[in-house]
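Biologist: I would like to go through this model with you, one question at a time. Please give the cut-off for each term as it comes up.

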Amino acid sequence: MKRTLLENNKVIISPDIVDRHKFLSAILAIKAAGVTEGETVSIGFKHCDTEDGEFEAVTDTEVCPGFKIDPGTGMLSGVAVTDSEDINIDIDLIGCRRFVKIMVSADGADSASVQTAIVLGDSSEAPV
């Protein structure tokens, strides 16, 4: 059991396009530097059936359990961040197509630096 757990995820640093093939969930890790108290980030979710196709907004409002994304734009706005603190956002990928783009941007903080990583989980095959 322990080996399956350890071999059942995949980490991607600074993801651009994520191939979620055979993965049902993910955790998006965000670290923002150079932000002041009360700053927020926005997270955009788009998906497509092919890596080089036209990406569309994710319309599944439950893609982030505990948050509601805008089904028209695929945006999750107003996620509070603290300088150099890790923020983890759970993602339910079941309603997404195979290729997913997750864009994170600082709201109103031009000097902010945002780093991201994604951990894909719940793979249907082990080891990954």
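Modeller: A good place to begin is a strand pairing: Lys31 stands opposite Asp86 in E7, where strands (E, at least two residues) and helices (H or I, at least four) are DSSP runs numbered from the N terminus. This is a predicted model, in which local features need pLDDT of at least 70 and side-chain atom pairs count only at pLDDT 80 or more, while totals for chains, interfaces and linings use all residues. Residues are numbered from 1 along each chain as its sequence is written, and side-chain values use heavy atoms, with hydrogens and water left out.

Biologist: Which residue is the bridge partner of Lys31 in E9?

Modeller: Two strands count as paired if DSSP finds at least two bridges between them. E3 and E7 run antiparallel and are joined by seven bridges, while E3 and E9 pair in the antiparallel sense over 10 bridges. In E9, the bridge partner of Lys31 is Gln115.

Biologist: Which element gives the largest share of the largest nonpolar core?

Modeller: A nonpolar core is a set of buried Ala, Val, Leu, Ile, Met, Phe, Trp, Tyr and Cys residues joined through side-chain atoms within 4.5 Å, and buried means under 20% relative accessible area, with exposed over 50% and partly exposed in between (1.4 Å probe, protein chains only). The largest such core has 27 residues, and those with the most contacts inside it are Ile43, Phe45, Val63, Cys64, Ile89, Ile91 and Ile102. Elements that give two or more residues to this core include strand E4 (40-48), strand E7 (86-92) and strand E8 (99-107). The largest share, five residues, comes from E3.

Biologist: Which side chain makes a polar contact with the side chain of Ser25?

Modeller: Ser25 lies in strand E3 and is buried, with a relative accessible area of 18%. Leaving aside neighbours within four places in sequence, Ser25 is in contact (heavy atoms within 4.5 Å) with Ile91, Leu93, Val119, Leu120, Gly121 and Asp122. A polar contact is a pair of N or O atoms within 3.5 Å; within protein, one must be able to donate a hydrogen and the other to accept it, and residues adjacent in sequence count only if both atoms are side-chain atoms. At 2.6 Å, the partner of the Ser25 side chain is the side chain of Asp122.

Biologist: What backbone nitrogen does the side chain of His47 reach?

Modeller: His47 lies in strand E4 and is buried, with a relative accessible area of 6%. Among the residues in contact with His47, beyond four places in sequence, are Phe55, Gly95, Cys96 and Arg97. At 3.0 Å, the side chain of His47 reaches the backbone nitrogen of Arg97.

Biologist: Is Asn88 buried or exposed?

Modeller: Asn88 lies in strand E7 and, not counting residues up to four places away in sequence, touches Ile27, Leu28 and Ala29. With a relative accessibility of 53%, Asn88 counts as exposed.

Biologist: How many Å apart in space are His21 and Ser124, C-alpha to C-alpha?

Modeller: His21 is placed in the loop between strand E2 (17-19) and E3, and counts as partly exposed at 39% relative accessibility. His21 and Ser124 are 103 residues apart in sequence, and their C-alpha to C-alpha distance in space is 9.2 Å.
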